[in-house]
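Reader: I should like a close look at the covalent cross-links of this protein. Please describe each in turn, with its place in the chain and its surroundings.

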Amino acid sequence: MNTNADIAIKHWTAANMRAAIDADQQIGSTADLTQESTGTSVGAAAQQQGQPPRNGDPLYPLSTVGKIFMTSAAGQDMACSGTAVTSSNQSVVDTAGHCLYWQGNWVRNVIFCPLYENGRTPYGCWSARDLEVPADWIGARPNDLHHDFGMAIVAPNSQGALTDVVGGAGWAYNQPTNQPFSAYGYPAGFPFDGQTRQSCEGSTGTTWKHGGGTVISIPCGMTGGSSGGPWFIQSGGNWYLNGHNDFTSSIQPWHMFSPYYDDTWYALYEKAQQT
């Protein structure tokens with residue numbers, strides 16, 4: 001979906017940012033969430049190293065993590081989290097599909113603010129010029145979040161192209177799930193306020209069957225607003241995006257779930273980096 005980048009930037013005053021509510025997703029005790037014993041990948045595994053920022057920011061790769069602001073079709077200002085990912089157009093932000101498309105409608109006024117903290121954005125914000133989600137997310141039945149993927153393609157800001165300025169996280173897909181994940185995001189639900197980045201680091205993933213596919217959980221107490229924030233794995237000293245905060249469930253309290261990054265995720269990424 002094409003968007004108007006100039007209108008988005010003008011909409012997001014400091015007051016509107018602070019007033020934005022979290023875009024939360026929860027599913028209840030449903031039989032459609034069954035733990036699996038396997039932690040192996042289901043397709044050909046692949047990974048791509050990240051791109052450090054031009055200024056050598058020592059915070060990389062966490063310099064790629066930021067807060068996403070959007071306006072729902074109903075006019076409600078909302079917030080999620082996201083990650084600048086290495087890409088040929090230097091402009092791709094990975095997030096949850098429900099942060100961009102929900103209940104039959106696209107959001108608008110989408111901006112991405114890396115390293116957001118208490119209203120401060122050291123490199124400014126980048127506004128989306130296009131939004132992408134998988135076709136099977138648009139057609140997903142209720143409570144099927146296994147392909148809840150989303151990507152925003154942003155326009156350059158006054159500092160330059162997104163990943164040139166803040167870096168682009170490396171990515172991986174079709175990876176084993178029984179390995180440590182480190183999750184980051186901007187939870188806004190109690191006891192958090194959405195103004196600072198939080199983390200759940202080094203927890204091993206558990207595989208579940210959900211909806212039409214696979215999801216992963218890790219122990220994590222982050223709340224709404226963290227949706228779309230990255231899950232990183234590490235290999236050979238490098239960090240790779242391999243999941244995102246997506247939903248919670250009463251079946252497994254104090255855990256966060258992510259869709260499994262599979263061939264569908266990669267196809268969406270390929271489309272986004274060529275947009």
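Author: In this predicted model, Cys80 and Cys99 are joined by a disulfide, with an S to S distance of 2.1 Å. The torsion about their S-S bond is about -90°, so this disulfide is left-handed. Cys80 belongs to strand β6, whereas Cys99 sits in the loop between β7 and β8 (101-102); the pair thereby links distant parts of the chain, 19 residues apart. Cys80 is buried, its relative accessible area being 0%, and Cys99 likewise counts as buried, at 1% relative accessibility.

The structure holds three disulfides. Another of them joins Cys113 to Cys125, again with S to S 2.1 Å. Here the angle about the S-S bond is 105°, and the link is right-handed. Cys113 is placed in strand β10 (residues 108-114) and Cys125 in the loop between β10 and β11, twelve residues apart. Both Cys113 and Cys125 are buried.

The remaining link is formed by Cys200 and Cys220, whose sulfur atoms are 2.1 Å apart. With 70° about the S-S bond, the link of Cys200 and Cys220 is right-handed. Because Cys200 lies in strand β15 (residues 198-204) and Cys220 in the loop between β17 (213-219) and β18 (230-235), this pair ties together parts that are 20 residues apart in sequence. Cys200 counts as buried at 12% relative accessibility, and Cys220 does so at 4%. When the bonded cysteines are numbered in sequence order, the pairing reads 1-2, 3-4, 5-6.

The surroundings of these links lead on to helix α5. Strand β6, which carries Cys80, is among the elements that cover the buried residues of α5, as are β7 (92-96) and β11. Those buried residues are Trp265, Leu268, Tyr269, Ala272 and Gln273. They span an arc of only 125° around the axis, so they lie on the same side of α5. At the start of this helix, a side-chain oxygen of Asp262 comes within 3.0 Å of the backbone nitrogen of Thr264.

Helix α5 also takes part in a salt bridge: Glu132 pairs with Lys271, their closest N and O atoms being 3.2 Å apart. Since Glu132 lies in strand β11 (residues 126-132) and Lys271 in helix α5 (residues 263-273), the pair ties together parts that are 139 residues apart in sequence. Glu132 counts as buried at 7% relative accessibility, while Lys271, at 48%, counts as partly exposed.

Key
Residues are numbered from 1 along each chain as its sequence is written. This is a predicted model: local features need pLDDT of at least 70, side-chain atom pairs count only at pLDDT 80 or more; totals for chains, interfaces and linings use all residues. Side-chain values use heavy atoms; hydrogens and water are left out. A salt bridge is a side-chain nitrogen of Lys or Arg within 4 Å of a carboxyl oxygen of Asp or Glu. Helices (H or I, at least four residues) and strands (E, at least two) are DSSP runs, numbered from the N terminus. Buried means under 20% relative accessible area, exposed over 50%, partly exposed in between (1.4 Å probe, protein chains only). The arc is that of the directions from the helix axis to the C-beta atoms. Contact means heavy atoms within 4.5 Å. A polar contact is a pair of N or O atoms within 3.5 Å; within protein, one must be able to donate a hydrogen and the other to accept it, and residues adjacent in sequence count only if both atoms are side-chain atoms. A disulfide is a pair of cysteine sulfur atoms within 2.5 Å.
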